Structure formats: structure tokens, C-alpha cells
Amino acid sequence: MERMDSDDTAALIVIDVQQGFDDAAYWGERDNPDAEANIGRLLAAWADASRPIVLVRHDSRESGSPLAAGSPGNALKPVVADAPHDLFVTKHVNSAFYGDPDLDAWLGERGIRRLVVCGIQTNQCVETTARMAGNLGYDVVLPLDATHTFEMAGPGGIRLTAAELSRATAVNLDGGGFARVVSTDEVLGA
């Protein structure tokens with residue numbers, strides 16, 4: 001893959017890196033303890049190159065959610081809290097394209113066609129945003145090691161670990177043609 005610095009218009013979309021995701025009692029076991037460090041590396045590279053950065057925050061409307069608007073868990077984690085950014089999107093659903101302000105319109109006004117998507121949760125808001133971006137015609141790159149998620153239960157007692165869910169997201173996105181799934185090093189040309 002070409003280095004990201006060959007496209008100065010590529011936007012970094014940082015999804016839901018919020019303190020409420022540190023509540024292990026609520027979310028369960030997570031994967032990828034290096035996610036935040038890799039997100040920080042991406043943010044630093046984008047800021048150094050003066051490329052567009054979009055921060056996204058989930059303002060949950062679910063009762064008791066650690067991400068509820070106004071709660072301490074709604075705040076961004078330190079790795080992104082003071083990061084320079086060009087747009088700040090808030091949302092109540094999985095996709096950043098259904099947030100406020102309108103992400104697609106903002107990107108379109110600037111002629112941005114390539115997106116690097118990272119953040120939390122790999123198989124939820126990150127995957128949903130990447131899928132939608134792919135459907136909207138964006139060239140989407142997802143550094144999987146700059147995301148993390150949590151174990152999850154499904155129907156009939158099926159339970160997948162966080163690592164299994166991350167692998168499934170990689171297959172869904174890359175195999176399905178929604179995004180190129182890579183590493184942070186590949187994005188940064190390291």
C-alpha cells in the first residue's frame with residue numbers, strides 16, 4: 001500500500017476514544033492493549049502533516065451507559081482529549097455518518113475521498129462507520145491495531161472473544177470490499 005503521506009487530503013477519523021470504555025465491569029474483557037498508543041501515533045502523524053482530523057464522540061442515550069452524555073465516561077481519553085482536530089462529531093448511533101455535524105457533507109466540501117478510520121469499538125462503531133464510508137464511495141483504510149473491542153454474547157449462548165470479533169471485522173471489511181485492513185505501521189510507512 002502507498003504511504004499515507006502521498007495523499008495530503010486523507011482524513012483521520014477517530015471514533016469514540018472515550019473514558020467510559022475503561023469500565024471493564026460494564027464491557028467485559030477487551031483486546032489489543034496497544035490500541036490507544038497506535039491511535040496516538042496516527043494523531044501525531046496527521047497533526048505533524050497538517051492533514052484533516054475528525055474526532056467522534058458517542059453520546060449514549062441508554063440508561064446506565066458509561067458513555068452517557070454528561071457522565072465522566074463520556075469524556076475523551078487523554079490520548080485524544082487535547083488532539084488538534086478540524087471537526088468534532090457527536091452521535092447517538094453506531095455510524096459517524098449519522099452524527100452532528102454532517103460528516104459526509106463536511107468531507108465532500110473539502111474534496112476528501114480517502115479516510116483512515118480508527119477507534120473503539122472495532123466491531124461496532126468503527127466497523128459501521130467504515131462500511132458506510134465504503135458504501136458512500138470513500139477509499140477506506142482501517143489500521144486494525146488502532147482499534148479495540150470487547151467480548152460479546154449473541155443468540156443461543158454464542159459468545160465471541162474480543163480477538164475473534166476483531167478478526168471477524170477484518171474479514172468483513174477487507175473481504176467484503178468496504179475497506180483495506182492494514183496495520184498502523186503500514187499507514188505510517190514505518
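**Exercise 1. Work out how much of the protein chain is buried, and what its surface is made of.**

Solution.
- Start with burial. In this predicted model, 48% of the 190 residues of the protein chain count as buried.
- Turn to the surface. The protein chain exposes about 8,400 Å².
- Carbon and sulfur atoms supply 50% of that area.

**Exercise 2. Test the overall dimensions of the protein chain against a compact globule.**

Solution.
- Take the expected value. For 190 residues, a compact globule would have a radius of gyration near 16 Å.
- Compare. The protein chain has 15 Å, so the two agree.
- Add the extents. Along its principal axes, the C-alpha trace spans about 45 × 35 × 30 Å.
- Check the contacts. Among those with a separation of 6 or more, 76% come from residues 24 or more positions apart.

**Exercise 3. Count the secondary structure elements, then describe the stretch that UniProt lists as a domain.**

Solution.
- Count over the protein chain: seven helices and nine strands.
- Find the stretch. An unreviewed UniProt entry lists residues 10-151 as "domain: Isochorismatase-like".
- Describe residues 10-151. They are 30% helix and 21% strand.
- Locate the ends. The end C-alpha atoms of this stretch are 31 Å apart.

**Exercise 4. Place strand S3 beside its partner S2, and state how covered S3 is.**

Solution.
- Identify the pairing. S2 covers residues 53-58, and five bridges join S2 to S3.
- Give the direction. The two strands run parallel.
- Pick out one bridge. Valine 56 has valine 89 of S3 as its bridge partner.
- Judge the cover. S3 is mostly covered, with four of its five residues buried.

**Exercise 5. Follow the chain from S3 to serine 95, and decide whether serine 95 is buried or exposed.**

Solution.
- Locate the residue. Serine 95 sits in the loop between strand S3 (87-91) and helix H4 (103-109).
- Apply the cut-off. Buried means under 20% relative accessible area. Serine 95 has 3% relative accessibility, so serine 95 counts as buried.
- Look for a polar partner. A polar atom of the serine 95 side chain lies 3.0 Å from the backbone nitrogen of phenylalanine 97.
- List the contacts. Beyond four places in sequence, serine 95 touches Thr128, Thr129 and Met132.

**Exercise 6. Describe the setting of glutamate 36, and name the partner of its side chain.**

Solution.
- Locate the residue. Glutamate 36 belongs to helix H2, residues 35-48.
- Classify. Its relative accessibility is 14%, so glutamate 36 counts as buried.
- Name the partner. The glutamate 36 side chain makes a polar contact with the side chain of arginine 30, at 2.9 Å.
- Widen the view. With neighbours within four places left aside, glutamate 36 contacts Arg30, Lys77, Val79, Ile120 and His148.

**Exercise 7. Contrast leucine 165, in helix H6, with glycine 177, in the loop after H6.**

Solution.
- Take leucine 165, in helix H6. Relative accessibility is 10%, so leucine 165 counts as buried.
- List its contacts. Leaving aside neighbours within four places, they are Asn123, Thr149, Phe150, Glu151, Met152 and Leu160.
- Check a distant position. Glutamine 121 is 44 residues away along the chain, and the C-alpha atoms are separated by 10.0 Å.
- Move to glycine 177. The loop holding glycine 177 lies between helix H6 (162-175) and strand S9 (180-182).
- Classify. Exposed means over 50%. Glycine 177 has 63% relative accessibility, so glycine 177 counts as exposed.
- Check its distance to leucine 142. The two are 35 residues apart in sequence and 12 Å apart in space, C-alpha to C-alpha.

Note on methods:
Residues numbered from 1 in each chain as written. Predicted model: local features only at pLDDT ≥ 70, side-chain atom pairs only at ≥ 80, totals over all residues. Heavy atoms only, no water. Buried < 20%, exposed > 50% of the residue type's maximum accessible area, 1.4 Å probe, protein only. Polar contact = N/O pair within 3.5 Å; in protein donor to acceptor, adjacent residues only side chain to side chain. Contact = heavy atoms within 4.5 Å. Pairing = 2+ DSSP bridges. UniProt positions renumbered as here; feature names shortened; annotations may be inferred. Rg over C-alpha atoms; globule rule 2.2 N^0.38 Å. Areas by Shrake-Rupley, 256 points an atom, 1.4 Å probe, with all protein chains shown as cover.
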